[in-house]
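Student: I should like to request a close look at a single part of this structure, set in the context of the whole chain. Please treat the contact itself first and its surroundings afterwards.

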Amino acid sequence: MDANSQGAAELLRALMRTAARFSEMGRSVSRDFFPHVRAEPVSDLGGPAVRLGAALALPAHDLVFETVVAVGEGTFSVRGELVLDGEEVILALPSAEAADPVACADLLDRYTDELLTPARWQVQRILESCEADS
């Protein structure tokens, strides 16, 4: 297998790993905060960019964790964000470029870590806010 094929395989593994990690986070948070949280995967593999993440439905709120990987002319870009109710950006990871698919895979792993780390805390914060408003 040549270097380009190996790089493409590593990026594909990183995309699959990312989807699995968001799916596991969604299941875990949904299970821990049942019946107040429902999780759905965010998965858009068509078009100019790949979107992967998880959407959490909480009482009166939606929380979306999302990474986006795009391929440009000779570069890859990755960005990520955590958005409340489709409007309030809680965490925005800026678009970063990588010159090759292996570097892109590493960047995607890092961005996924940064989005998943505060997930449980964000859900707890929103649920507590809902309880206080009741």
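Which residues in helix 1 meet residues in helix 3, and which residues in helix 3 do they meet?

Tutor: The model is a predicted one, and the values below are computed from it. On the side of helix 1, the contact is made by Met25, Ser28, Val29 and Asp32. On the side of helix 3, their counterparts are Ala119, Arg120 and Val123. By character, the residues of this contact divide into four nonpolar, one polar and two charged.

The geometry of the pair comes next. Two packed helices are described by the angle between their axes and the distance between the axes. Here helix 1 spans residues 3–32 and helix 3 spans residues 119–133. Their axes come within 11 Å and cross at roughly 35°. The crossing of helix 1 past helix 3 is right-handed.

Two members of the contact, Asp32 and Arg120, also form a salt bridge with each other. Side chains of opposite charge can pair when their charged atoms come close. For Arg120 and Asp32 the N to O distance is 2.6 Å. Because Arg120 belongs to helix 3 and Asp32 to helix 1, the pair ties together parts that are 88 residues apart in sequence. Neither end of this bridge is classed as buried: Arg120 is partly exposed with a relative accessible area of 35%, and Asp32 is partly exposed at 47% relative accessibility.

Ser28 offers a contrast within the contact. Ser28 lies in helix 1 and counts as buried, with a relative accessibility of 11%, whereas Asp32 counts as partly exposed. Ser28 also serves as a reference point for a position further along the chain: the C-alpha atoms of Ser28 and Cys130 are separated by 20 Å, and the two residues are 102 apart along the chain.

Helix 1 has further charged pairs. The structure holds eight salt bridges, and the bridge between Arg120 and Asp32 is one of them. Another joins the side chains of Arg21 and Asp113, with an N to O distance of 2.4 Å. Arg21 is in helix 1 and Asp113 is in helix 2, residues 101–116, so this bridge ties together parts that are 92 residues apart in sequence. Arg21 is partly exposed at 28% relative accessibility, and Asp113 is partly exposed at 36%.

A third bridge is formed inside helix 1. Glu10 pairs with Arg13, and their closest N and O atoms are 3.1 Å apart. These two residues are three apart in the sequence of helix 1, about one turn of the helix. Arg13 is partly exposed, its relative accessible area being 44%. Salt bridges with shared partners join Glu10 and Arg13 to Arg17 and Asp109 in one network.

The helices can now be placed within the chain. The secondary structure comes to three helices and five strands, and from the N terminus the elements follow the order α-β-β-β-β-β-α-α. In that order, five strands stand between the leading helix and the two that end the chain.

Within the strand region, several neighbours pair in antiparallel fashion. Strand 2 (residues 49–58) and strand 3 (residues 61–71) are joined by 10 bridges, and Val50 stands opposite Val69 of strand 3. The hairpin of strand 2 and strand 3 has two residues between the strands, and Ala60 there takes a positive phi near 65°. Strand 3 continues to strand 4 through nine bridges, again antiparallel, with Leu82 in strand 4 as the bridge partner of Phe65. In the hairpin of strand 3 and strand 4, which has four residues between the strands, Gly74 has a positive phi near 80°.

Strand 4 (residues 76–84) is in turn joined to strand 5 (residues 88–98) by eight bridges in an antiparallel pairing. Glu81 has Ala92 in strand 5 as its bridge partner. Three residues lie between strand 4 and strand 5 in their hairpin, where Asp85 adopts a positive phi near 55°.

For the chain as a whole, the C-alpha atoms fill a box of roughly 60 × 25 × 25 Å along the principal axes. Of its 134 residues, 43% count as buried. Among contacts between residues at least 6 apart in sequence, 44% join residues at least 24 apart.

Technical notes: Residues numbered from 1 in each chain as written. Predicted model: local features only at pLDDT ≥ 70, side-chain atom pairs only at ≥ 80, totals over all residues. Heavy atoms only, no water. Axes fitted to C-alpha atoms, helices over the stretch in contact; angles between N-to-C directions. Left-handed = near helix turned anticlockwise from the far one by under 90°. Contact = heavy atoms within 4.5 Å. Nonpolar A, V, L, I, M, F, W, Y, C, P; charged D, E, K, R; others polar. Salt bridge = Lys/Arg side-chain N within 4 Å of Asp/Glu carboxyl O. Buried < 20%, exposed > 50% of the residue type's maximum accessible area, 1.4 Å probe, protein only. Pairing = 2+ DSSP bridges.
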